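Biologist: I should be grateful for a close look at one part of this model, namely its salt bridges. Please explain which residues take part and where they lie.

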Amino acid sequence: MKTLNNKISCFFLLGLAFHLGFGCSEKEKEEIQSKEPNVDFVDQSFQAAKPLYSNLLKETSGNFTDYPHAINPDGTIKYLQIDEWTGGFWPGILWYMYEYTEDDQWKQAALEWTHSLESNQFNTSHHDIGFMMFCSYGNALRFEKKYEYDQILIESAKSLVKRYSPVVGSIQSWNKRKSKGDINTWEYPVIMDNMMNLELLFYATENTGDSSFYDVAIQHATQTMKNHIRDDFSTYHVVNYDSKNGDVLHQQTLQGFSDNSTWARGQAWGIYGFTTMYRATRDNQFLETAVGLADFFLDHPKLPEDMIPIWDFNVGEEGFIPDWDFDPAKFEEQPRDASAAAITASALLELSTYLDGEQKKKYFDAAEKMLKSLSSEAYLNAGDANPYFLLKHSTGNLPSGNEVDVPLIYADYYFLEALLRYKKMKDN
């Protein structure tokens with residue numbers, strides 16, 4: 001256990017060190033970015049965020065049951081409830097604002113919104129409790145060392161592992177449901193996004209000494225490497241297992257273009273998740289996986305010049321058949337996903353610190369370029385696109401016609417996280 005605790009302690013020291021509108025055309029985005037002056041894009045982005053998040057705080061004042069998520073087609077705020085997966089991002093954003101500005105107004109708002117999620121520690125209805133609780137209470141602990149916050153996160157980890165099956169070797173993401181197009185029934189679906197919840201389990205082992213949380217995280221990540229990742233390091237979104245024997249029944253998608261395509265945000269979750277796994281374990285298989293996933297993303301011929309991906313790398317390509325009614329004429333150009341870029345940029349910055357030479361430079365430079373693009377007029381909301389969210393041009397679930405080319409709360413969260421990571425790395 002001593003060796004395990006040493007590994008996890010290293011993981012959390014490193015973890016703490018790292019936590020410090022509507023469509024333009026492709027040509028317009030590239031022209032706008034080329035005209036951007038050489039300014040402090042980190043400060044520029046945080047300054048742009050202040051009035052937007054002040055507006056959002058005013059709009060949500062006293063309402064700690066509706067969590068801001070996106071913008072509806074009519075320009076109103078789209079909210080989700082406490083049991084939905086994105087509730088932790090809004091308090092997390094407020095913590096990042098406090099970290100950058102050191103202004104207590106952001107801290108007080110962050111505390112209020114974090115505390116509103118307390119009952120979620122007992123939520124066992126899906127796998128997203130890591131997103132919900134670690135982005136909120138995990139960030140809170142960096143500034144408020146409270147015993148009750150530790151206990152809430154430990155209880156949250158206990159709730160998460162209740163969805164783990166030793167037969168399958170994975171944490172069940174969603175309950176039994178139909179696949180896209182109602183083609184199959186998913187008895188035990190596991191999605192790539194689930195890699196983002198494993199950090200909560202490492203925290204629980206560090207703070208309880210109970211290695212079972214650690215063991216579940218290792219087993220889940222190992223199964224994900226085996227069954228979600230293809231030979232070329234592209235990824236499946238969903239793997240459905242037989243809960244009785246652990247056999248793989250289906251490898252499909254819900255939010256990507258087709259079952260054999262690569263959904264951009266799914267690839268981003270993988271890069272981030274396996275980078276975190278390496279931080280926690282120092283196991284080279286996880287580092288090699290993170291590198292392979294990152295290289296697929298960065299070296300893909302369809303990644304645009306500004307490094308902000310379209311929502312799926314294989315949209316409309318021959319040999320990729322969707323299980324939904326795809327109309328190629330619906331969009332003059334396929335929508336981008338700024339959220340995938342923000343997640344990837346944050347992950348690449350950390351990943352670069354575990355490598356040397358050209359690899360290190362490749363990932364840092366790529367992250368920097370993504371952040372500069374996201375900080376440009378093409379993607380950064382200066383207040384004219386909407387009154388509340390920072391980044392434009394994210395895509396939530398295009399196959400379902402849901403949240404296409406809109407601001408999304410988690411895009412803002414990972415963008416601010418990446419900016420803070422970048423600033424700390426440059427300052428050091």
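Modeller: The following account describes the salt bridges one pair at a time.

The model is predicted, and a search of the whole structure finds 16 salt bridges. As general background, side chains of opposite charge can pair when their charged atoms come close.

Consider Lys78 and Glu403, whose closest N and O atoms are 2.6 Å apart in a salt bridge. Lys78 belongs to strand E2 (residues 77-80) and Glu403 to strand E11 (residues 402-406), so that this pair links distant parts of the chain, 325 residues apart. Both Lys78 and Glu403 are buried.

A salt bridge also joins Arg279 and Glu199, at 3.1 Å from N to O. Because Arg279 is in helix H10 (residues 264-281) and Glu199 is in helix H8 (residues 198-208), the pair ties together parts that are 80 residues apart in sequence. Arg279 has a relative accessible area of 1% and is therefore buried; Glu199, at 10%, also counts as buried because the cut-off is under 20%. These two residues belong to a network of salt bridges that links Glu199, Arg279, Glu350 and Arg421.

Finally, the side chains of Lys302 and Glu317 form a salt bridge with an N to O distance of 3.5 Å. Both residues lie in the loop between helix H11 (284-299) and helix H12 (338-352), 15 residues apart. Lys302 is partly exposed, with a relative accessible area of 29%, and Glu317 is partly exposed at 27%.

Key. Residues are numbered from 1 along each chain as its sequence is written. This is a predicted model: local features need pLDDT of at least 70, side-chain atom pairs count only at pLDDT 80 or more; totals for chains, interfaces and linings use all residues. Side-chain values use heavy atoms; hydrogens and water are left out. A salt bridge is a side-chain nitrogen of Lys or Arg within 4 Å of a carboxyl oxygen of Asp or Glu. Helices (H or I, at least four residues) and strands (E, at least two) are DSSP runs, numbered from the N terminus. Buried means under 20% relative accessible area, exposed over 50%, partly exposed in between (1.4 Å probe, protein chains only).
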